[in-house]
Number of protein chains: 2
Amino acid sequence: MMWLGSGAAASSTDEYRDNGMDPAIKRELEKIVGKNRLTDSPEALVAYSYDAYTEEHLPEAVLFPVTTEEVSAIMKVAHRQKIPVTPRGAGTNLAGETIPVRGGIVLCMTTMDKIVSVDPGNLIAIVQPGVINLDLQKEAEKLGMMYPPDPASWAVATIGGNVATNAGGPRTLKYGVTKDYLLGLTVVLANGDVLHTGSRTLKNSSGYNFTALFCGSEGTLGIITEIIVRLIPKPRASRTLRVDFNRLEDCSDAVSAVMASGIIPAALELMNQFAVQAVETHFGLGLPTDIEGLLLIQVDGHDATLDAEVKQIDEIVRSKKARNIVVANNAAEAERLWTIRRAAGPALVRMRPNKVTEDVTVPVASLTAMIKKVVEACERYRLPVGVLAHAGDGNLHPCVMFDKRDPDEHARVEAAFDDMVKEALALGGTLSGEHGIGLSKSRFMPLEFDAVAMKLMKGVKDYFDPLGILNPGKFV
Amino acid sequence: MMWLGSGAAASSTDEYRDNGMDPAIKRELEKIVGKNRLTDSPEALVAYSYDAYTEEHLPEAVLFPVTTEEVSAIMKVAHRQKIPVTPRGAGTNLAGETIPVRGGIVLCMTTMDKIVSVDPGNLIAIVQPGVINLDLQKEAEKLGMMYPPDPASWAVATIGGNVATNAGGPRTLKYGVTKDYLLGLTVVLANGDVLHTGSRTLKNSSGYNFTALFCGSEGTLGIITEIIVRLIPKPRASRTLRVDFNRLEDCSDAVSAVMASGIIPAALELMNQFAVQAVETHFGLGLPTDIEGLLLIQVDGHDATLDAEVKQIDEIVRSKKARNIVVANNAAEAERLWTIRRAAGPALVRMRPNKVTEDVTVPVASLTAMIKKVVEACERYRLPVGVLAHAGDGNLHPCVMFDKRDPDEHARVEAAFDDMVKEALALGGTLSGEHGIGLSKSRFMPLEFDAVAMKLMKGVKDYFDPLGILNPGKFV
């Protein structure tokens, strides 16, 4: 693990650098986690100064705790010394939630990576926050179970990060987001107190639902150190379809038609022409590059049902002028179809030095209208936009590629996103469907939330974290 | 509506009685809601002094608001005068949440009963809190949609009350509880401010999830005046089975076996011999009274799937020594089977003057163990117990019938419930699965929640309601 290298560097001398944080404090923290789980080496501080968003800020020390007790002891020191603490997982978050904009400590939770238990009899799993989403998926699958939340970054993203941002994914459409599978948490509060929320039961109406309050709070209310999630039986079978459309509007109309048909697909993903072309350019999957829209549709459940559902979907998309329909005949073919969607991000990011991914979400019936607005906004500001969308639940991910070093281009990106956000809110939408607010959208919060709501969020934040040391400088 | 009669009585004179609340204040409140939507008539105060729990306390006035603005104006007066305000819906809640133990105002929300919109295109509905659950069900059904939460009291219970207690029901097992279908709220805060939470989108990761915090908060944080819920397409078909068991243990083992089979039934309800006998005695449905356990199992979804699932369930329950299996051949037969479950409450309540319904919930795999503990506890204290359980999610409803006027018997009931609660917590369970805490379980809170959690709940309550006027004297 790269941080060990950094740790070793730091441990090669007893001296910590006075880079804003008193070396004596670093030594006190070192006593808690041990020498090679605290580092202030320049390369480590750089490594933990950024995430998948476009900004960066150096912390003064990076710590890698392995127990709730260590996190509690760290928070007691931070609280006493008023040191900012920014928790992070794999750093795949897209809204800048984990950038330590006030310096201080980065608490890297990837070293708390134990799957405590996977318990099919109780339909639950208990994990530490550093467990990688896909690792939990695999363990659950061995026992015939599934953990539905499946963010695109699941191969590296941590469950703790998923909880902090209330992460979703394609399967969200049928199965719900992270909050829908969260049963309980262990959380270290700002003062070091350890809070237990929820239970191992599938239902719980006892007291205030703090479990849900921490979900999506982006590390601003406490440090999550253990997570109880609900599992479901793995669907017996699934079918995947790729549908090509000459016109984007037909493509998004087809989404609304499928959603109104009574079928709930496991996933219903949309890509626009630019995204398809990017994938084709960089990965050559043999996609037609003249189509304006592409849908990937997956249905899952009982074999007996799926053929009927595929037939119904086939009829619906044809009625919306689908140009071509590819149905995967086996798991390998389905996997190949999903490669198209997974390749989109990597393909787009290669086009320019920087990429920003929007996350605006609108009521499903407004999908076509919102996609139009996104395309218009990017045309207005002369920007290339790859539209990826969890279309079935109205969650759009317009990806804009640019070069930050060009101030004019950067300004146009900001302006385009301003317009997209305002259009989404005008359509009854929300700033974020699954990526969170972080740094990237703090400035938009007053557009979605009035003074009463903003004051209440601030008040709750102040109660949980009176000194403002938990992930300061973010949305609240 | 009976309150209109009472209102008329009150309006027959300009004088309000000085029953603890200054008549001048009542006249000020009357200016907000109008003469016939405020009453302090003795019969009205008695009518709103109790709910489906066993205690009662008189309020000083009952108000029937019809708009968010009225509720806001009422709260401004209550806040200025430090008057306790206890919101209520139909009063079907079982834990005493709506008993105005500190007097003051009962805010009866049943007059805010408009279904604002049912919108299949966006898979949502918007309702006022006084809308009756079953009325929303019917409107949704007309458009091919379903609102899954289905508490036994759904024919009278209000959606607002469902939200305040995070209500469940049999379908919870497959579809989730109220919080899982809640997208947004309009809430009047203690000081009269109006808060809007969530959105009309199916996904939302913007800011703190206050929507979830209010769900299950039992009127202690604010007054809910509008509710946005998620709808799902109505399942195309369903099958219902009744399964009889000679031994209760085989019956509960069969539940665990079904839950481990990969099938998620829409409902999986258990009744013990005493409950079956009560139903038979009072309604004569032709049930065998010598069986120790009865299961009602419903599966729903696509026709093609259901026959296979029924066959699989049939094999599982036979392997658990099922004595008899009845499969409904049509909707009418299914309805007749569900009558057994719906008749259980009414049948049990007729046996003695008082009935208390427990709501302990345990991890699913501990169902058999918990049922044993319940039966043992009631034998220990010589009490008859009808066990009804949403067995599939480990949510038990032991119903104990007694006579409150007999202090010894009442004391034995309390003692038995103490034991049940402690056993449930020892099994990793929780105080409440779907009924809430209210008055009935406040004293148990410190058994489930440690000092850190209790302090945090109190702190959040104090922040939302610094004067403690919102439903005072309850769990927090």
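The legends below describe close-up views of a predicted model with chains A and B.

**View 1. Helix α12 of chain A, residues 331–349.** This helix has 19 residues, and the distance from its first C-alpha to its last is 28 Å, close to the 27 Å expected at 1.5 Å a residue. Ahead of the helix, A:N330 caps the N-terminal end, with a side-chain oxygen 3.1 Å from the backbone nitrogen of A:A332. A bend of about 40° occurs at A:A343, and the proline A:P346 follows within four residues. The residue at the bend, A:A343, is itself buried. Other buried positions of α12(A) include A:A334, A:L337, A:W338, A:I340 and A:R341. Towards the end of the helix, A:A344, A:G345, A:A347 and A:L348 are buried as well.

**View 2. B:A347 in helix α12 of chain B, residues 331–349.** B:A347 has a relative accessibility of 0% and therefore counts as buried. Apart from neighbours within four places in sequence, B:A347 is in contact with B:A278, B:V279, B:H282 and B:F283. B:A377 lies 30 residues from B:A347 along the chain, and their C-alpha atoms are separated by 22 Å.

**View 3. Helix α10 of chain B, residues 273–283.** The buried residues of this helix are B:A275, B:V276, B:A278, B:V279 and B:E280. They pack against helix α12 of chain B and against three strands of that chain, β13 (267–272), β14 (293–301) and β17 (385–390). Two of these buried residues, B:A278 and B:V279, are among the contacts of B:A347. After α10(B) comes B:G284, which has a positive phi near 50°.

**View 4. The loop lysine B:K441 and its surroundings.** B:K441 sits in the loop between α14 (407–426) and α15 (445–448) of chain B. Its relative accessible area is 4%, so B:K441 is buried. The side chains of B:K441 and B:E358 are joined by a polar contact of 2.8 Å. The B:K441 side chain also reaches the backbone oxygen of B:L431, at 2.3 Å. Not counting residues up to four places away in sequence, B:K441 touches B:E358, B:D359, B:V360, B:L431, B:S432 and B:G436.

**View 5. The interface of chains A and B.** On the chain B side, 81 residues are in contact with 81 residues of chain A. The two chains bury about 6200 Å² between them, 62% of it on carbon and sulfur atoms. Within chain B, the residues that lose the most area to chain A are B:K203, B:S205 and B:Y208. Together they account for 15% of what that side buries.

**View 6. Two cysteines outside any disulfide.** A search of the whole structure finds zero disulfides over all chains. For A:C399, the nearest cysteine sulfur is that of A:C378, 10 Å away, whereas a disulfide requires the two sulfur atoms to lie within 2.5 Å. A:C399 has 1% relative accessibility and so counts as buried. For B:C108, the nearest cysteine sulfur belongs to B:C215 and is 20 Å away. B:C108 also counts as buried, at 1% relative accessibility.

**View 7. Positive phi at two loop residues, A:E218 and B:L123.** A:E218 is found between α8 (210–214) and β10 (223–230) of chain A, in the loop. Its phi is near 55°, a positive value in a residue other than glycine. A:E218 counts as buried, at 3% relative accessibility. In chain B, B:L123 is part of the loop between β5 (115–119) and β6 (124–127). B:L123 is not a glycine, yet its phi is positive, at about 55°. With a relative accessible area of 7%, B:L123 is buried.

**View 8. A:E249 in helix α9 of chain A, residues 248–259.** A:E249 counts as partly exposed, with a relative accessibility of 30%. Not counting residues up to four places away in sequence, A:E249 touches A:T368 and A:K372. A:L195 is 54 residues from A:E249 in sequence, and the C-alpha atoms of the two are 49 Å apart in space.

Technical notes. Residues numbered from 1 in each chain as written. Chains lettered and ligands numbered in written order. Predicted model: local features only at pLDDT ≥ 70, side-chain atom pairs only at ≥ 80, totals over all residues. Heavy atoms only, no water. Helix = DSSP H or I, 4+ residues; strand = E, 2+ residues; numbered from the N terminus. Expected span 1.5 Å × (residues − 1). Bend = angle between axes of the 7 residues up to and from the residue. Buried < 20%, exposed > 50% of the residue type's maximum accessible area, 1.4 Å probe, protein only. Polar contact = N/O pair within 3.5 Å; in protein donor to acceptor, adjacent residues only side chain to side chain. Contact = heavy atoms within 4.5 Å. Buried area = accessible area lost by both parts, 1.4 Å probe.
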